[in-house]
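I opened this entry to record what I looked up, step by step. The structure goes in here before the notes.

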Amino acid sequence: MAHASNIVHCEGPDSPHAFDMVALQPRNGALDALCPKCRGHGCWNAEIDLVSFRCRRAICDRCNGAGWVETGNDPVALPDIEIGPDGKPGWTVRYVPKEDAPEIGPGGILP
């Protein structure tokens, strides 16, 4: 059934409705500062309906959705998929040196 809608497309985190209904991410103790791109949210609305508040979100490629970034010399954690001993893929966390972190491409892929 159709309903009234007012869909807004956000160009990025600087758009007016980018952070509507998006909570700040809590600091988990491992990261140092709020992400300068998403300002601690970890994602933003790529598209939002201002009537029903249904939305499509874009994950921040700077902090990989954590909302926080590393400012010291600690390694940076990235979500990754690896093949387990049973031959099935599974989620894992991969640590890379901070100097490699700015070179991480979309989806967490290192060049």
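**Notes on a predicted model**

I began with a strand pair: β6, residues 76–83, runs antiparallel to β7, residues 89–96, and eight bridges join the two. The model I am reading is predicted.

I then looked up one position in this pair. Glu-82 has Gly-90 of β7 as its bridge partner.

Next I checked the link between the strands. β6 and β7 make a hairpin, with five residues between them. In the turn I noted Gly-87, whose phi is positive, about 85 degrees.

I went on to the whole chain. I found seven strands and zero helices in the protein chain. Written in sequence order, the pattern is β-β-β-β-β-β-β.

I looked up burial and surface. The protein chain has 111 residues, and 27% of them count as buried. Its exposed area is about 7500 Å², with 56% supplied by carbon and sulfur atoms.

Which residues form the largest nonpolar core? I listed eight: Ala-18, Phe-19, Cys-35, Cys-38, Trp-44, Cys-60, Cys-63 and Val-69. In soluble globular proteins, nonpolar side chains tend to be buried together.

From that core I picked Ala-18 and looked up its contacts, leaving aside neighbours within four places in sequence. The contacts of Ala-18 are Cys-10, Gly-12, Pro-13, Trp-44 and Asn-45. Trp-44 is also on the list for the core.

Last, I looked at how far apart in sequence the contacts reach. Taking contacts in the protein chain between residues at least 6 apart, I noted that 49% join residues at least 24 apart.

How values were computed:
Residues numbered from 1 in each chain as written. Predicted model: local features only at pLDDT ≥ 70, side-chain atom pairs only at ≥ 80, totals over all residues. Heavy atoms only, no water. Helix = DSSP H or I, 4+ residues; strand = E, 2+ residues; numbered from the N terminus. Buried < 20%, exposed > 50% of the residue type's maximum accessible area, 1.4 Å probe, protein only. Contact = heavy atoms within 4.5 Å. Areas by Shrake-Rupley, 256 points an atom, 1.4 Å probe, with all protein chains shown as cover. Core = buried A, V, L, I, M, F, W, Y, C linked by side-chain atoms within 4.5 Å. Pairing = 2+ DSSP bridges.
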